[in-house]
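Please load the model in a viewer and follow the selections below in the order given.

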Amino acid sequence: MQKDITESEKLRGPYMRLLQWREKHITERNFVIVLALLVGILSGFAALLLKLIIEEIASLLTAHVSITQGNYSYLIFPVVGILIVSLFVRYVVRDNISHGVTRVLYAISQKKSRLKVHNMWTSLVASSVTIGFGGSVGAEGPIVFTGAAIGSNLGGAFRLSPRILMLLVGCGAAAGVAGIFKAPIAGMLFTIEVLMLDLTAASVMPLMIASVAGATVAYIFTGYDVEFFFSQSEPFVTSRIPYVILLGVFCGFVSLYFTKVMNMMERTFGKLKNPWVKFLFGSVILSSLIFLFPPLYGEGYGPINLLLNGQFSQIFDGSLFYDYRHDVWMVIAFIGLIILAKVFATSATNGSGGVGGTFAPSLYVGCMAGFFFAILINTLGLCDGELSTKNFALMGMAGVMSAVMHAPLMAIFLTAEMTGGYELFLPLLIVSSISYGTIRIFLPYSIYTMRLAQRGELLTHEKDKTVLTLLKMDSVIEKDFIEVHPDMTLKEMVGVISRSNRNLFPVTDDHGSLLGIVLLDDIRNIMFRPDLYRKMRVSKFMASVPAKIEVGESMDKVMKLFDDTNAWNLPVVEKGKYVGFVSKSKIFNSYRRVLKHYTDD
């Protein structure tokens, strides 16, 4: 009787034929170029959709707010948005989708660059509701997560190797950043500096194509205007360089404050086990801060545009302090408090159940910090003439982003691309470099990598550790060692040695548990003495092992064990049971093979 053919079996035939046709007619290099283009286009549309939904929700909710007084609706909107997202994540997604960039880094480091299918849309939906309703976070982290998931799943559908999946994850992330900011160069640099994807001749072209494709989609559907309108009405003069240097140091310390408080708040929310307690605690903080400081509502792109165009008095719109908008000291105090409060608002949004990133908040804080620095210097009369608050606000964006993300090149080019402020390239370079150098004195990791570094799960920028993650434990375990037992005599041991081509022998008990090892060099002086054959037993001359490797251990940890013990061979066990040995020579041979494949151009 013929079995019923399921729908999946019907599809499997054409699918397998497609894979075979691709492998036969299209080389891997050319196919990666095609996939990079496709990933770039899809990620560009995802960025476009995310921005559209956020703008529609925000404009609908804030259309009737009062400009001249406080608005109690700011106490309600963020809470409603986070509640909707919390329920969506808990009952629909049923997976943690927060901290998108960190999760992409984790996937590259620990999961062979594999992301779940739902990641292609769930963070997009959750973040659009979170930000649209007033959550004080950015959309860039979620779009990076979405783009990376598109690249990972598209590559996985064609059964590509982890090496190619890693590249496609980078392509999706680059296209997401390029699409949401209209900044293709910054998209590429994000992948290189933040995701720490090694740049090789084979990866340049796919990354460039994906990034340009993502930005092109944005240009086609939203026009050629830059993300933030900036008109440089005051030229930069070299006499201002000392103040630019001071701004770089200031931005470095602002970034240090931002990162430290963010980690402190994450630990605080982590101690709250009840999700409803987290929701209430975070919602109270967020809604209260937005009510007092309306510029904290959403991504904050509106206030950034105001400061970049010198319209700082409008920063008071919709607040309780509207009547003080012409008092310069009130402006300074208001901006200063916003700088301090933004990190609490961002942490509260994510900690209470919202979904968003820290990318836009770092831009926001940088803009505020640059403006605050310039207007304070001007008000105190510490400069001959006046510093341009517009120019310094722009420079501050690059400074804080550079330090928070540990990505100075990306910060420079992103700031220039999304504002058109190329004429300020030199001061942008100075501020970004000094800010980055300042925070590196105190923090070796970025706000994204710090979470993984604290758990020992960080993949660094070094290519050797990148390649180690591509090695599989099963491929380096050697099992041709003859086991011996502690009650065996020296004569039996000599018989085992005669049959083996190894100079190392694992000692196991009747249950297969590893008790120790016998090294040929350790018994060479007694193995030719017949008078000891029946007197000496393995238990007398066996040695303990310097360390044991558990099955499933990461290759990075395995290499650390070799370094710590100075051993050349280490046993592999599974719940104490002997499995085999791993040798340095085997790892080095596999490493060279994978490295050659990984860097093959």
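**Helix α3 and the nonpolar patch**

Begin with V92, which lies in helix α3. The model is a predicted one. Next, extend the selection to residues 77–93, the whole of α3. This helix contributes four residues to a nonpolar surface patch, the most of any contributor. To display the patch itself, select L83, L87, Y91, V92, W121, V125 and W276; together they make a nonpolar surface of about 640 Å².

**Helix α13**

Now select residues 328–351, which form helix α13. From its first C-alpha to its last, this helix of 24 residues reaches 35 Å, close to the 34 Å expected at 1.5 Å a residue. Where does α13 bend? Centre the view on A341: the helix bends there by about 35°. Then colour α13 by accessibility: 17 of its 24 residues are buried, so the helix is mostly covered, buried being under 20% relative accessible area.

**Strands β4, β5 and β6**

Move on to strand β5, residues 569–574, together with strand β4, residues 549–550. These two strands pair in the parallel sense over two bridges. Within β4 and β5, pick E550 and V573, which stand opposite each other.

Add strand β6, residues 577–583, to the selection. In which sense do β5 and β6 pair? Their pairing is antiparallel and runs over six bridges. Here N569 faces S583 of β6. Finish at the hairpin of β5 and β6, where two residues lie between the strands. Select K575 in this hairpin and inspect its backbone: the residue takes a positive phi near 55°.

How values were computed. Residues are numbered from 1 along each chain as its sequence is written. This is a predicted model: local features need pLDDT of at least 70, side-chain atom pairs count only at pLDDT 80 or more; totals for chains, interfaces and linings use all residues. Side-chain values use heavy atoms; hydrogens and water are left out. Two strands pair if DSSP finds at least two bridges between them. Patches are made of residues with over 30% relative accessible area and no salt bridge: like charges are joined within 9 Å, nonpolar side chains (Val, Leu, Ile, Met, Phe, Trp, Tyr) within 5 Å. Accessible areas come from the Shrake-Rupley method with a 1.4 Å probe; for residues, only the protein chains shown count as cover. A salt bridge is a side-chain nitrogen of Lys or Arg within 4 Å of a carboxyl oxygen of Asp or Glu. The expected span of a helix is 1.5 Å times one less than its number of residues. The bend at a residue is the angle between axes fitted to the seven residues ending there and the seven starting there. Buried means under 20% relative accessible area, exposed over 50%, partly exposed in between (1.4 Å probe, protein chains only).
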